[in-house]
Structures are given as structure tokens and as C-alpha cells.
Amino acid sequence: MNDDLAAGVRRMLAAADQRGLAIELRRRPAAHSLEEAAELLGIRPSDMAKTIVVRRSDGSYLFVVMPGDTQIAWPKLRSLLGVSKMKLPDAAEALEATGYERGTITPIGSEPSWPVIIDRRLLGRRAALGAGGHGYSAFVNFDDLVRAFGATVADIAD
């Protein structure tokens, strides 16, 4: 591995390797939004996947991974999980829950590993995902990501 890579990126790559998950890492200038990152990579926001950390009422977390041009459909997610309350943690809590800063979060290499729910729109696609460090994107085949994590696939986006 390259010593110039941020620790989070190295952790993500090592975890992908352990799970047999092929990653294409691309360096890009730091971006201030998903839309800006997509533009820098020359792709559409729908070809970016955002990873959102969600806290359940019992204090545990999960990852919701969805196309960059969608939003969480909270009623669908609550119904899927059989819960009535969930919350988006602030940046400090998300960092503590995953080991990654907001804007770099990925389920790959998260410490600890939390359950993963992937929106069905990502199946059969290759898209960019947070790479564990600012200025990087990780391209992954989402069918492989589902298999590597035993992820739940559902319609959870609006």
C-alpha cells in the first residue's frame, strides 16, 4: 500500500482486500459536496453512492447506502427495520461510530462493522463510494459489495 494514503484510505483498502472486494481507488481534489465530487470525477451524482450512518433508538448504528441523487425514504426504512424512531448522528458521533469523517464514510473498514442496507437502485451497477479519506473515491461493483457484507437490499430511497 502507498504510504502517502491517509490512514482511513489504507484501512478501507485493507478491509476490501480481506473481504475479496475489488476497489478502484481514484484520487481527486477535495470536494465540498457530493455533486462537486461527481463533477471532479466526470460522473453524474447518480453514479456516486452516499453512505449515511443512522442510529437506532437502542443506540446501535447501521449504514444506508444509496445513489447520490436520492434521499432516505424514512417511512420505508422504518418499516423495513420494524422501528418507529431513528436519528442521523452529528459529525462527531458519526466519526466515533465508524472511524471515518463525514464525507469519507464507507462501510468498508468501518470500526466497528455495522449492518449495511443498500438501495435496490445500486444493484447491477458500479459506482463511486466514500474511500475513508478526503480527496479519494472508491469505485465498487455493488453486487460484490452486497455479497461481501451480506447486505440487505431494499427500496429505501425517494
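# A walk through two sheets and their salt bridges

Start by selecting Asp47, which sits in the loop between helix 2 (34–41) and strand 2 (49–56). Keep in mind as you go that this is a predicted model. Asp47 counts as buried because its relative accessibility is 18%, under the 20% cut-off. Show its surroundings and, beyond its sequence neighbours up to four places away, you will find Arg125, Ala127 and Ala128 touching Asp47.

**Next stop: Arg28**

Move to the loop between strand 1 (24–27) and helix 2, where Arg28 is placed. What is the nearest side chain of opposite charge to Arg28? That is Glu36, 7.7 Å away, and Arg28 is buried yet has no salt bridge. Turn on polar contacts instead: the side chain of Arg28 makes one with the side chain of Ser137, at 2.9 Å. A polar atom of the Arg28 side chain also lies 3.3 Å from the backbone oxygen of Tyr136. Setting aside neighbours within four places in sequence, the contacts of Arg28 include Ala37, Leu40, Leu41 and Gly135.

**The three-stranded sheet**

Now switch to cartoon view and pick out strands 1, 7 and 6, which form an open antiparallel sheet in the order 1-7-6. Strand 1 and strand 6 (126–130) are its edges, each pairing on one side only. From one strand to the next, the twist averages 30 degrees. Look along strand 6 and strand 7 (residues 136–141): five bridges join this antiparallel pair. Here Leu129 stands opposite Ala138 in strand 7. Helix 5 (residues 142–149) packs on this sheet, touching strand 6 and strand 7, and its direction makes about 85 degrees with that of strand 7.

Stay with Leu129, in strand 6, for a moment. Is Leu129 buried or exposed? Leu129 counts as buried, at 2% relative accessibility. Leaving out neighbours within four places in sequence, its contacts include Ala49, Thr51, Val65, Phe142 and Leu145. Ile108 is another of the residues in contact with Leu129; the two are 21 residues apart in sequence and 9.7 Å apart in space, C-alpha to C-alpha.

**The five-stranded sheet**

Select strands 4, 2, 3, 5 and 8 to see an open sheet with mixed pairing, in the order 4-2-3-5-8. Its edges are strand 4 (86–87) and strand 8 (152–154). Two bridges join strand 2 to strand 4, and these strands run antiparallel. Find Arg55 and its bridge partner in strand 4, Lys87.

**Salt bridges**

How many salt bridges does the structure hold? There are eleven. From Arg55, look for Glu93: their side chains meet in a salt bridge at 2.6 Å, N to O. Glu93 lies in helix 4 (residues 91–98) and Arg55 in strand 2, so the pair ties together parts 38 residues apart in sequence. Glu93 is buried, at 16% relative accessible area, whereas Arg55 counts as partly exposed, at 22%.

Next, select Asp155 and Arg120, whose side chains meet at 3.9 Å, N to O, in a salt bridge. Asp155 lies in the segment after strand 8 and Arg120 in the loop between strand 5 (116–119) and strand 6, so this pair ties together parts 35 residues apart in sequence. Add Lys76, Asp119 and Arg121 to your selection: together with Arg120 and Asp155, they are linked in a network of salt bridges.

Finish on helix 5, where Arg147 and Asp144 lie three residues apart, about one turn of the helix. They form a salt bridge, with the closest N and O atoms 2.4 Å apart. Arg147 counts as exposed, at 59% relative accessibility, and Asp144 as partly exposed, at 29%.

Definitions and conventions
Residues numbered from 1 in each chain as written. Predicted model: local features only at pLDDT ≥ 70, side-chain atom pairs only at ≥ 80, totals over all residues. Heavy atoms only, no water. Helix = DSSP H or I, 4+ residues; strand = E, 2+ residues; numbered from the N terminus. Buried < 20%, exposed > 50% of the residue type's maximum accessible area, 1.4 Å probe, protein only. Contact = heavy atoms within 4.5 Å. Lys, Arg positive; Asp, Glu negative; His and termini not counted. Salt bridge = Lys/Arg side-chain N within 4 Å of Asp/Glu carboxyl O. Polar contact = N/O pair within 3.5 Å; in protein donor to acceptor, adjacent residues only side chain to side chain. Pairing = 2+ DSSP bridges. Axes fitted to C-alpha atoms, helices over the stretch in contact; angles between N-to-C directions.
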